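Reader: Hi! I'm new to this one and would love a friendly tour. Could you show it to me before we start?

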Amino acid sequence: MDIPNIINYLKTHLDQTDITLNPGASQELIARFEEARNSKLPDDIRLFYEFSNGFNSKEDDFNIVPLEDLADITYHEELFIAQFLIYCDAWELEIDLNNPDSYGIFVIQNDSSKIVLTNSFAEFLQRFLNGGLYGKGGLYDWAEELQRQKQDHSKEVVIVANLIFSGNASSYYRFPIRENLRLSFLLNGAAIATPSELIVDDAIKFNKSYRVQIIVINQDVLEDLIYIGNEFHLATFTILLAKGTILSISKRFPK
């Protein structure tokens with residue numbers, strides 16, 4: 001789901017949520033933010049803030065932070081795009097100053113460490129809309145899922161593959177892609193997807209074939225399906241974004 005779909009969902013299903021939307025941010029407010037932060041807003045995040053300058057949820061007072069608070073560098077140096085219980089927990093946005101549409105959203109842990117959740121604001125919002133803070137697939141469950149993946153290196157497999165991103169991906173990513181991506185990896189013949197990370201060495205365009213490396217969490221159910229020649233898809237939620245064919249298994253970590 002991309003930002004226009006998120007906006008349409010909120011327009012048509014707001015009464016089914018506990019969310020209160022703020023009025024859209026003015027161009028003057030957006031300019032003030034960009035001047036204060038010396039950074040352009042990513043296009044997808046700008047689009048959302050033009051629709052709604054943040055929002056509040058009744059669930060533990062979770063909110064998407066309004067731009068005037070984001071612009072206030074005297075309040076905090078970090079760019080906290082979401083928070084709850086008056087910054088008891090916060091989610092940080094880091095924007096590449098050289099390429100504003102390249103960004104990451106992090107969750108800040110109690111020990112001040114960071115877990116990279118996504119480089120898609122739409123995915124962040126979709127997670128909250130689907131699972132809230134505490135529900136299955138929600139923001140905390142998401143962070144724990146990624147933490148488990150980080151700790152379980154024993155089942156990682158690195159494959160080399162031919163890969164083609166379809167036009168579907170243009171709604172999620174700004175092409176050409178220049179940064180590593182975390183995506184669901186679905187092998188032909190497998191009933192479930194597994195987490196993976198696409199390693200980007202060269203800028204990737206869609207509808208063009210590339211030779212790439214992908215790190216895959218090799219769940220036991222995939223043991224007999226990771227082989228040369230097998231085909232796979234990369235996806236986010238239920239949307240297929242790319243298809244590929246395994247060329248080689250370049251490295252396997254011992255169990």
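Author: Happy to. This is a predicted model, and we can begin inside it: the largest cavity has a volume of about 30 Å³.

Reader: Nice start. Which residues line the largest cavity?

Author: The lining is made of Met1, Ser120, Glu123, Tyr172, Tyr173 and Thr236. Sorted by class, that lining has three nonpolar, two polar and one charged residues.

Reader: And how many cavities of 30 Å³ or more are there?

Author: The count comes to one.

Reader: OK, what about pockets? How much space lies in the second largest pocket?

Author: About 540 Å³. The second largest pocket has a lining of 25 residues, and Asp101, Tyr172, Tyr173, Arg174 and Phe175 are the ones nearest its centre. Two elements, α1 (3–13) and α3, give two or more residues to that lining.

Reader: Which element gives the most to the lining of the second largest pocket?

Author: That is α3, with three residues.

Reader: What classes do the lining residues of the second largest pocket divide into?

Author: There are 11 nonpolar, six polar and eight charged residues in the lining of the second largest pocket.

Reader: Let me step back a bit. How many helices and strands does the chain have?

Author: Six helices and 13 strands. The chain has 255 residues, and 47% of them count as buried. If you take contacts between residues at least 6 apart in sequence, 59% join residues at least 24 apart.

Reader: I'd like to hear about the sheet. In what order do the seven strands come?

Author: The order is β1-β2-β3-β4-β5-β6-β7, in an open sheet with antiparallel pairing. At its edges are β1 (19–21) and β7 (114–118), each of which pairs on one side only.

Reader: Can we zoom in on β5? Which residues does it cover, and over how many bridges does it pair with β6?

Author: Strand β5 covers residues 89–95 and pairs with β6, residues 103–108, in the antiparallel sense over five bridges. Across that pairing, Leu93 stands opposite Ile105, and the bridge partner of Ile95 is Tyr103.

Reader: What about its pairing with β4, how many bridges are there?

Author: β4 and β5 pair over four bridges, again in the antiparallel sense. Gln83 of β4 stands opposite Ala90 in β5. The hairpin of these two strands has four residues between them, and Leu85 takes a positive phi near 50° there.

Reader: Why is β5 described as largely enclosed?

Author: Because six of the seven residues of β5 are buried, the strand is largely enclosed by the rest of the structure.

Reader: Back to Gln83 for a second. Is Gln83 buried or exposed?

Author: Gln83 counts as buried, because its relative accessibility is 6% and the cut-off for buried is under 20%.

Reader: Interesting! What is Gln83 in contact with, beyond its neighbours in sequence?

Author: Leaving aside residues within four places in sequence, Gln83 is in contact with Asp61, Phe62, Asn63, Val65, Asp89, Ala90 and Trp91. Two of those residues, Phe62 and Trp91, form an aromatic pair with each other.

Reader: Oh, how are the rings of that pair arranged?

Author: The pair of Phe62 and Trp91 is edge-to-face, at 5.5 Å centre to centre with 75° between the planes. The pair links distant parts of the chain, with Phe62 in the loop between β2 (55–57) and β3 (63–64) and Trp91 in strand β5, 29 residues apart. Both Phe62 and Trp91 are buried.

Reader: How many aromatic pairs does the count come to?

Author: 16. There is also an aromatic cluster whose members include Phe62, Trp91, Phe48 and Phe121.

Reader: One last topic: where is Ile45?

Author: Ile45 is in helix α3, which covers residues 43–51. Ile45 is buried, with a relative accessible area of 0%.

Reader: And what does Ile45 touch, apart from residues up to four places away?

Author: Ile45 touches Ile81, Leu93, Tyr103 and Phe121. With Phe121, the sequence separation is 76 residues, while the C-alpha to C-alpha distance is 6.6 Å. Leu93 and Tyr103 are familiar from the β5 and β6 pairing, where Leu93 stands opposite Ile105 and Tyr103 is the bridge partner of Ile95.

Reader: Thanks, that was a great tour!

Definitions and conventions:
Residues numbered from 1 in each chain as written. Predicted model: local features only at pLDDT ≥ 70, side-chain atom pairs only at ≥ 80, totals over all residues. Heavy atoms only, no water. Buried < 20%, exposed > 50% of the residue type's maximum accessible area, 1.4 Å probe, protein only. Contact = heavy atoms within 4.5 Å. Pairing = 2+ DSSP bridges. 1 Å grid on protein atoms, 1.4 Å probe; cavity = no way out; pocket = protein on both sides within 12 Å on 5 of 7 lines; lining within 4 Å. Points joined across faces, edges and corners; volume = space filled by probe spheres on them. Nonpolar A, V, L, I, M, F, W, Y, C, P; charged D, E, K, R; others polar. Phe/Tyr/Trp six-rings, centres within 6.5 Å; stacked < 30°, edge-to-face > 60°.
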